[in-house]
Amino acid sequence: MLIAGNWKMNTDARSSVELAQGIVREMVDSPSLTVAVCPPSPLLSGVAEALKGSRIRLGAQNIYWADAGAFTGEISAQMLLSLGCHYVILGHSERRQHFGETDGGVNSKVKQAVSTGLIPIICVGEQLNQRKAGKEQEVVALQVRFALEGIQVKAPNAIVIAYEPVWAIGTGETATPDQAQQMHAFIRSLIRQQFGNTIASKVNILYGGSMNPSNAEELLSQPDVNGGLIGGASLKADAFGKIIRAAQLVV
Ligand code: PGA
């Protein structure tokens, strides 16, 4: 089980450290539960310092697919690894929507992450009109297949998938536990087709989209929901702590 906080473009040098310290205080000791926070990149080293001595892992929110070079403004996988990052969120719907992230671009970034040893949290999810038209599985299948095309996955923990229905992100509207379970089982079947059952049965598939302390336990109890990618509710240590404890109850 993996609970990851996506801080998006929030906090600053001081408040990121305070938030990280608060989350360290909320952390529980549960061997089968991994907790990660993904602050904005300029704040990673301060947060890394604040997390020292805890089991909380560090992640980032984006990378570029090249190793290094003349790419002004971009961030490499190697930079993140050198700061102690384990994870990177890739293909988030906000990046697809506002920054022109394409399936091809996501695929290049996933390749770069996996080949350098950074674990990509690959985000997929349909928009409301696509769900209304009954096309949610078709959309998600394309996103998953594109993102993973040509990727070699040797261990189930080398990648993470996050199902984030776009209509549930930041809206207060959540997928029902049934809707989440159905899509997660479908995504697992796609992983099984590509990588076989050993990987598929153990890969973490997270739910994201308005997960909060009151709905976390029910969503996380679904058999194919292996954790959460949490935006708004990860910005308050006590709310994130409650989600961590909900996860601890169901692992
Ligand atoms: P939310 O965001 O929890 O605020 O809906 C989740 C995400 O975008 O990862």
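Visitor: What makes strand 2 mostly covered?

Guide: This is a predicted model. In it, strand 2 spans residues 34–38, and 4 of its 5 residues are buried. Buried means under 20% relative accessible area. So strand 2 counts as mostly covered.

Visitor: How do you know that strand 1 and strand 2 pair?

Guide: Count the bridges. Strand 1, residues 2–6, is joined to strand 2 by 5 bridges. Pairing needs at least two bridges, so the two strands pair. They run parallel. For one point along the pair, find L2: it stands opposite T34 in strand 2.

Visitor: Why is the unit of strand 1, helix 1 and strand 2 called right-handed?

Guide: Follow the path from strand 1 over helix 1, residues 13–26, to strand 2. Point the strands away from you. A clockwise path is called right-handed. This β-α-β unit is right-handed, so its path runs clockwise in that view.

Visitor: How do you know that strand 2 pairs with strand 3?

Guide: There are 2 bridges between strand 2 and strand 3, residues 57–60. The cut-off is at least two, so strand 2 and strand 3 pair. They run parallel. V37 has L58 in strand 3 as its bridge partner. Between these strands the chain passes through helix 2, residues 44–51, and this β-α-β crossover is right-handed.

Visitor: What makes strand 3 and strand 4 a pair?

Guide: They share 3 bridges, in the parallel sense. At least two are needed, so they qualify. Strand 4 covers residues 85–90. Look for C85 there: L58 stands opposite C85. Strand 3, helix 3 (residues 77–82) and strand 4 also make a right-handed β-α-β unit.

Visitor: Which residues are closest to the ligand?

Guide: K8, H92, E164, G170 and S210 are the closest, and 13 residues surround the ligand. By class, this shell has 4 nonpolar, 7 polar and 2 charged residues.

Visitor: What makes N6, K8 and S210 polar contacts of the ligand?

Guide: Distance decides. The cut-off is a pair of N or O atoms within 3.5 Å. A polar side-chain atom of N6 lies 3.4 Å from a ligand oxygen. For K8, a polar side-chain atom lies 2.8 Å from a ligand oxygen. S210 uses a backbone N or O atom, 2.7 Å from a ligand oxygen. Each distance is within 3.5 Å, so each pair counts as a polar contact. As for cover, the ligand on its own has 280 Å² of accessible area, and the protein covers 95% of that.

Visitor: Why is S210 called buried?

Guide: Its relative accessible area is 18%. That is under 20%, so S210 is buried. S210 sits in the loop between strand 7 (204–208) and helix 10 (216–220). Its phi is near 55°, a positive value in a residue other than glycine.

Visitor: Why does T11 count as partly exposed?

Guide: T11 has 31% relative accessibility. Buried is under 20% and exposed is over 50%. T11 falls in between, so it counts as partly exposed. T11 lies in the loop between strand 1 and helix 1. Its phi is positive too, near 75°, and T11 is not glycine.

Visitor: How do you know that R96 is buried?

Guide: The relative accessible area of R96 is 18%. The limit is under 20%, so R96 is buried. R96 is found in helix 4, residues 93–98. A polar atom of its side chain lies 2.8 Å from the backbone oxygen of G91.

Key: Residues numbered from 1 in each chain as written. Predicted model: local features only at pLDDT ≥ 70, side-chain atom pairs only at ≥ 80, totals over all residues. Heavy atoms only, no water. Buried < 20%, exposed > 50% of the residue type's maximum accessible area, 1.4 Å probe, protein only. Helix = DSSP H or I, 4+ residues; strand = E, 2+ residues; numbered from the N terminus. Near = heavy atom within 4 Å. Polar contact = N/O pair within 3.5 Å; in protein donor to acceptor, adjacent residues only side chain to side chain. Areas by Shrake-Rupley, 256 points an atom, 1.4 Å probe, with all protein chains shown as cover. Nonpolar A, V, L, I, M, F, W, Y, C, P; charged D, E, K, R; others polar.
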